[in-house]
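Hi there,

I am passing on the structure we talked about, and my notes follow below it. Please have a look at it before you read on.

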Amino acid sequence: MRKLPILVMATRNPGKTAEIRELLQEFPVEIRSLSDFGPIPEVEEDGDTFDANAYKKASFTARVLGFPAIADDSGIAVDALNGAPGVHSARYGGESASDEDRRRKLLAEMEGRTHRKAAFECVISLAVPSGPALTYEGRCEGVLAEAPAGANGFGYDPIFYYPPLQKTFAELTREEKSRVSHRGKALRELRGEFDKVLQWIRKHMPPEDPWNWEK
Ligand code: IMP
């Protein structure tokens, strides 16, 4: 059987890789992750936007490994805090803080504030080794709860209240959350045009690359 062309998910998080593999299972592509390639240098996520960080991770990985690569960057932006924690969501409160520490810090910052609008945002970047990239974005608006509720999900889910379902994200099942979440939206946008994405990748890979065997 002919080997499938390879697409690398620029993460060592097995959950993220499994999610994208499942989402793209009907397409002729083999999803690998950084864990399949041994040590490569870490990329510093020091961009000012989700877009900049996602592109940085995807293009660096594609260049280093020679395969097209996908990366995502996401976080929560709070209106009353001028968009913070935003791109710093994962490290809000310091490197050693836990998810719970971060939730507590954010609730403390918001104490007494009535304007509690917030949005989860996600950007997915798919880059080829020569540099060009495609970008997919998803956004989900809600409000910061006064106190945590729910035990599902991760990160800021217990304090992100989603008015249309009258629950926090941590009170939704994985399927319910994925239907409305920033990440779910961005991923479905990518899947919706994945046939075209595959053609675009072929066009941007060198002629001698296995990606072009089945042109
Ligand atoms: P990333 O993995 O570098 O994109 O980090 C994103 C950070 O934003 C995570 O560590 C979480 O703190 C937060 N975050 C992103 N998406 C979600 C979500 O769906 N629920 C809760 N927290 C999220």
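Let me begin with a pair of helices in this predicted model: α1 (residues 14–23) packs against α5 (residues 182–192), with an angle of about 40° and axes 11 Å apart. Angles from 35 to 65 degrees fall between roughly parallel and roughly perpendicular, so α1 and α5 are oblique to each other. The crossing of α1 past α5 is right-handed.

Which residues bring the two helices together? On the α1 side they are Lys16, Glu19, Ile20 and Leu23, and they meet Arg183, Leu187, Leu190 and Arg191 of α5. Sorted by class, this contact holds four nonpolar and four charged residues, and no polar ones.

Both helices also turn up in the largest nonpolar core: β1 (6–9), α1, β4 (117–127), β5 (133–144), α5 and α6 (194–204) are the elements that each give two or more residues to it. This core has 25 residues, and the members that touch the most others are Phe194 and Ile201. Helix α6 supplies the largest share, five residues.

Phe194 is a good place to zoom in. Leaving aside residues up to four places away in sequence, Phe194 touches Leu7, Leu24, Phe27, Val29 and Leu126.

There is also a second core, separate from the one above, with 18 residues. Among them are Ile76, Ala118, Cys140 and Leu172.

I hope this helps you find your way around. Do write back with any questions.

Best wishes

Definitions and conventions. Residues are numbered from 1 along each chain as its sequence is written. This is a predicted model: local features need pLDDT of at least 70, side-chain atom pairs count only at pLDDT 80 or more; totals for chains, interfaces and linings use all residues. Side-chain values use heavy atoms; hydrogens and water are left out. Axes are lines fitted to C-alpha atoms, for helices over the stretch in contact, and angles run from 0 to 180 degrees between N-to-C directions. Helices (H or I, at least four residues) and strands (E, at least two) are DSSP runs, numbered from the N terminus. Angles under 35 degrees count as roughly parallel, over 145 as roughly antiparallel, 65 to 115 as roughly perpendicular and the rest as oblique. A crossing is left-handed if the near helix is turned anticlockwise from the far one by less than a right angle, and right-handed if clockwise. Contact means heavy atoms within 4.5 Å. Ala, Val, Leu, Ile, Met, Phe, Trp, Tyr, Cys and Pro count as nonpolar, Asp, Glu, Lys and Arg as charged, and the others, Gly among them, as polar. A nonpolar core is a set of buried Ala, Val, Leu, Ile, Met, Phe, Trp, Tyr and Cys residues joined through side-chain atoms within 4.5 Å. Buried means under 20% relative accessible area, exposed over 50%, partly exposed in between (1.4 Å probe, protein chains only).
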